[in-house]
Amino acid sequence: MKLIRFGKKGKESPGIQLEDGTRIDISAFGEDYDEDFFGTDGITRLGHWLERNGDESPIIPQNERLGPPLVRPSKIICVGLNYAKHASESGMEVPKEPVLFFKATSAIVGPNDDVVIPKGSEKTDWEVELAIVIGKKASYVPVEKALDHVAGYVLHNDYSERAFQIERQGQWCKGKGCDTFAPIGPFIATADEIKDPNNLDLWLKLNGETLQHSNTSDFIFNVQEVVSYISQFMTLLPGDVISTGTPAGVGLGFDPPRYLRPGDVVELGIEGLGTSKQHVKAYQ
């Protein structure tokens, strides 16, 4: 299944995107895509409900805004420098263990919402990433059991303000958690829809120019390793999001570096997970 949420910001309702692209409203199911839904086998329960009620569910207009495809999770955990070429372009060594940081959940927006350059920013950057949605509580999970805890996968643009992140010292979270810096979606593809999350093409364009194009087969630490590793240090709750890192081609890696300006348009996509587009706006 492809899980979506639609409607005005802060008032989204749950829906499903069908294989032909039609979107249906499943508000009558009575649940939203939150921790309780994922943690109580909601995907299976919703599948059974759709068998009985899917044909009677209202169709969502194609011009309806898509919101984040899940309710704000307890946390977003990100993996830094998880592609060797990106580590190189950032001037950092290939890590021996996953580099972890948190991204503020208040940064989450819909897949096609505007991205706002923060107040005082001159170095806002882009990062196309595969994100994992946790489906079952995970603590001290072995690698071979890690995928049992995955509900699905989603497209994420891990926007970053490089001066806040790097030059102003401290932890990376200052440059990662700004408002609008986590557009997610258009949909969560449930785990059964993605044959191999470690072999997916992903790409990003800036104003029509392809700047990132790679495949998750280039991961330093794959999906199973990342889920298992993080679960050694914290409990992953249903609905939590893990963003698995970005390939080479970010603005920081160019000589000279390239950063976003008002009026820019960022488009990105991952095989099997759809596409998104963000228009860049100045802070007001």
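By class, what does the lining of the second largest pocket have? Let me start there, and then walk you through the rest of this predicted model. The answer is four nonpolar, three polar and two charged residues.

Here is who they are. The second largest pocket is lined by Tyr83, Ala84, Lys85, His86, His213, Ser214, Asp218, Pro247 and Ala248. Two elements, α3 and β15, each give two or more residues to that lining, and α3 gives the most, with three. The space in this pocket comes to about 160 Å³.

Now the largest pocket. Its space is about 210 Å³, and 14 residues line it. Arg5, Glu12, Pro68, Arg72 and Ile108 are the ones that lie nearest its centre. Sorted by class, the lining has six charged residues, five nonpolar and three polar.

Next, the enclosed space. How many cavities of 30 Å³ or more does the structure hold? Just one, with a volume of about 130 Å³. Its lining takes in 18 residues, and those nearest the centre are His86, Glu127, Arg162, Gln165 and Trp172. You may remember His86 from a moment ago, since it also lines the second largest pocket. As for elements, β4 (76-80) and α4 (162-167) are the ones that give two or more residues to the cavity lining. Of these, α4 gives the most, with three residues. The class split of the cavity lining is seven nonpolar, six polar and five charged.

Let's move on to the sheet. Nine strands make an open sheet with mixed pairing, in the order β3-β2-β1-β13-β10-β9-β16-β4-β5. At the edges sit β3 (23-25) and β5 (99-103), each pairing on one side only. From one strand to the next, the twist averages 30°. Looking at one pairing in detail, β1 (residues 2-6) and β13 (residues 188-190) run antiparallel and are joined by two bridges. There, leucine 3 has isoleucine 188 in β13 as its bridge partner.

Two helices that pack on this sheet deserve a word. Helix α2 (residues 42-53) touches β1, β2 (13-17), β3, β10 (150-157) and β13, and its direction makes about 70° with that of β2. Helix α6 (residues 223-231) touches β4, β5, β9 (128-134), β10 and β16 (241-243), at about 55° to the direction of β9. Eight of the nine residues of α6 are buried, among them Val226, Tyr229 and Ile230. Those buried residues pack against β4, β5, β9, β10 and β16.

Val226 brings me to one of its contacts, asparagine 82. You will find asparagine 82 in the loop between β4 and α3 (84-89). Why does asparagine 82 count as buried? Because its relative accessibility is 0%, and the cut-off for buried is under 20%. Leaving aside residues up to four places away in sequence, asparagine 82 touches Asp218, Phe219, Ile220, Phe221, Val226, Thr244 and Gly245. Asp218 is also one of the residues lining the second largest pocket.

One last stop, the hairpin. Strands β14 (residues 201-206) and β15 (residues 209-215) pair in the antiparallel sense over six bridges. Tryptophan 203 has histidine 213 in β15 as its bridge partner, and His213 is another residue from our opening pocket. Two residues lie between the strands, and in this hairpin asparagine 207 takes a positive phi near 55°. That's my tour, and thanks for listening!

Definitions and conventions. Residues are numbered from 1 along each chain as its sequence is written. This is a predicted model: local features need pLDDT of at least 70, side-chain atom pairs count only at pLDDT 80 or more; totals for chains, interfaces and linings use all residues. Side-chain values use heavy atoms; hydrogens and water are left out. On a 1 Å grid over the protein atoms alone, a cavity is a set of points where a 1.4 Å probe fits but cannot get out, and a pocket is an open set with protein on both sides within 12 Å along at least five of seven lines; lining residues have an atom within 4 Å of a point. Grid points are joined across faces, edges and corners, and a volume is the space filled by probe spheres set on the points. Helices (H or I, at least four residues) and strands (E, at least two) are DSSP runs, numbered from the N terminus. Ala, Val, Leu, Ile, Met, Phe, Trp, Tyr, Cys and Pro count as nonpolar, Asp, Glu, Lys and Arg as charged, and the others, Gly among them, as polar. Two strands pair if DSSP finds at least two bridges between them. Buried means under 20% relative accessible area, exposed over 50%, partly exposed in between (1.4 Å probe, protein chains only). Contact means heavy atoms within 4.5 Å. Axes are lines fitted to C-alpha atoms, for helices over the stretch in contact, and angles run from 0 to 180 degrees between N-to-C directions.
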